[in-house]
Amino acid sequence: MTDPRPTLVADIGATNARFGLMDGNHLRETRTLRGADYPSIEAAAEAFLAATGVGRLRPVRAAFAVAGPVTGDRVALTNLPWAFSVDAVRAALGLDRLMVINDFTAVAMSVPRLGPGDVRAVGDWVGDGVADPTGVVGVLGPGSGLGVSGLVPAAHGGWTALSGEGGHVTMAPVGDREGAVLAQLRKSFDHVSAERVLSGPGLVNLYQALRLVDGREPEPLVPADVSTRGLDRSDAHCVEAVEMFCAMLGTVAGNLALTLGSRGGVYIAGGIVPKLGGMFLHSRFRKRFVEKGRMRDFLNPIPTVVIIHPLPAFLGLVEVLERG
């Protein structure tokens with residue numbers, strides 16, 4: 001008999017804690033709480049459960065994705081003052097099972113559960129244009145930082161998500177303009193990583209560097225300002241910053257595909273790219289993805305897609321629970 005009780009899932013970021021109740025791939029209910037309003041992760045979870053009125057059908061299994069490293073029972077979030085023991089939270093919430101994983105690992109693990117309506121293709125590819133269902137998958141996601149992962153097929157079914165810090169690889173320029181921008185950024189940062197340009201703060205870094213390279217003083221903009229002015233084309237440097245962001249993301253995505261041998265495709269996650277809409281789809285992303293000299297024929301058939309599902313981490317958490 002199928003257990004009627006839903007699975008409790010949560011995606012805990014620096015500002016918001018998103019909780020949900022899942023029945024398989026179906027999201028029954030979701031709420032977003034402000035992390036700073038609660039003293040602990042279990043207090044936030046209890047507030048969510050109380051608001052949903054689950055009563056006797058209270059979940060007995062849960063999975064949380066957190067913005068921070070997960071290396072054992074003790075977990076401390078990077079940008080939110082919550083530190084906890086996984087076992088203690090499991091007991092406090094009356095759960096039989098609780099899994100806690102890194103937030104981008106959860107996003108990567110969503111890929112096997114994504115349907116056709118959850119992704120959008122980017123560019124044209126040569127050949128059959130179908131991802132190898134047994135091939136390695138590359139995943140990267142610009143947001144507040146740059147998450148990078150890969151999915152490796154397991155010997156007896158399922159997937160293993162790679163855990164690394166690929167967002168901090170050194171960003172290499174393509175062309176003199178990018179070279180000048182990165183040289184400008186090196187005046188502010190000891191190491192100009194991919195994350196320094198491919199993230200929300202990275203959009204601002206690109207805009208500021210472009211202004212300074214052209215001898216202009218930057219305005220005090222936030223990431224949303226840069227993307228908005230870039231999309232409505234009201235500010236030439238914001239337009240160039242967004243276009244450079246898309247092109248550089250193509251370079252890094254192509255590097256990831258070469259490194260992993262991502263015949264299963266490369267997936268773009270995170271909150272920034274879906275909001276760029278048609279500007280991203282018609283950008284230099286795909287051109288730069290395949291511009292790897294002798295490796296062009298290797299990259300040409302690899303599909304590149306944007307994840308447009310609003311809460312992919314929730315799908316990944318259910319996948320991890322069911323596979324684990």
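**Two sheets, their helices and a shared core**

Just after helix α7, G261 takes a positive phi of about 65°. That glycine is a handy place to begin a tour of this structure, which is a predicted model. From there, the text moves back along α7, then to the sheet beneath the helix, and finally to a second sheet.

Helix α7 covers residues 236-260. With 25 residues at 1.5 Å a residue, the helix should span 36 Å, and because its end C-alpha atoms are 36 Å apart, the expected and modelled values agree. At the start of the helix, a side-chain oxygen of D235 comes to within 2.9 Å of the backbone nitrogen of H237. Most of α7 is covered, with 18 of its 25 residues buried.

The sheet on which α7 packs comes next. Six strands make up this open sheet, and they follow the order β8-β13-β12-β9-β10-β11 with mixed pairing. Its edges are formed by β8 (119-121) and β11 (159-161), each of which pairs on one side only. On average, neighbouring strands here are turned by 25° against each other, direction ignored. Helix α7 touches β9 (137-142), β10 (146-153) and β12 (266-268), and the direction of α7 makes about 150° with that of β9. A further helix, α8 (residues 273-281), also packs on this sheet. Helix α8 is in touch with β8, β9, β12 and β13, and its direction makes about 145° with that of β13.

Strand β13 (residues 304-307) is a good one to follow in detail, as both of its pairings can be described. With β8, the strand pairs in the antiparallel sense over three bridges. Within this part of the sheet, A121 stands opposite V305, and R120 has V306 as its bridge partner. With β12, by contrast, β13 runs parallel, and three bridges join the two strands. Here V266 has T304 as its bridge partner. The side chains of β13 are also worth a look: T304 and V306 point one way, V305 and I307 point the other way, and all are buried.

Which residues have the most contacts inside the largest nonpolar core? They are L140, L198, V226, F245, L249 and F280, in a core of 47 residues. In soluble globular proteins, nonpolar side chains tend to be buried together. Two or more residues of this core come from each of β10, α4 (176-185), α5 (200-213), α7, β12, α8 and α9 (285-290). Helix α7 gives the most, with 13 residues. V226 offers a closer view of the packing: leaving aside neighbours within four places in sequence, V226 is in contact with L203, V204, Y207, L221, C238, A241 and V242.

The second sheet has its own set of strands. Five of them form an open sheet in the order β3-β2-β1-β4-β7, again with mixed pairing. The edge strands are β3 and β7 (97-102), each pairing on one side only. Neighbouring strands in this sheet are turned by 15° against each other on average, direction ignored. Strands β2 and β3 run antiparallel and are joined by eight bridges, with R31 of β3 as the bridge partner of F19. Two helices lie across the strands. Helix α1 (residues 41-52) lies across β1 (7-12), β2, β3 and β4 (61-66), running at about 125° to β3. Helix α11 lies across β1, β2, β3, β4 and β7, and runs at about 130° to β1.

Two residues from this part of the model round off the picture. Is E319, in helix α11 (residues 312-323), buried or exposed? Its relative accessible area is 4%, so E319 counts as buried, the cut-off being under 20%. Beyond its neighbours within four places in sequence, E319 is in contact with M109, P112 and R113. N25 lies in the loop between β2 (16-23) and β3 (26-34). This asparagine has a relative accessible area of 39% and is therefore partly exposed. Not counting residues up to four places away in sequence, N25 touches R113 and L315. R113 is thus named among the contacts of both E319 and N25. Finally, the C-alpha atoms of N25 and Q208 are separated by 42 Å, the two residues being 183 residues apart along the chain.

Key. Residues numbered from 1 in each chain as written. Predicted model: local features only at pLDDT ≥ 70, side-chain atom pairs only at ≥ 80, totals over all residues. Heavy atoms only, no water. Helix = DSSP H or I, 4+ residues; strand = E, 2+ residues; numbered from the N terminus. Expected span 1.5 Å × (residues − 1). Buried < 20%, exposed > 50% of the residue type's maximum accessible area, 1.4 Å probe, protein only. Polar contact = N/O pair within 3.5 Å; in protein donor to acceptor, adjacent residues only side chain to side chain. Pairing = 2+ DSSP bridges. Axes fitted to C-alpha atoms, helices over the stretch in contact; angles between N-to-C directions. Contact = heavy atoms within 4.5 Å. Core = buried A, V, L, I, M, F, W, Y, C linked by side-chain atoms within 4.5 Å.
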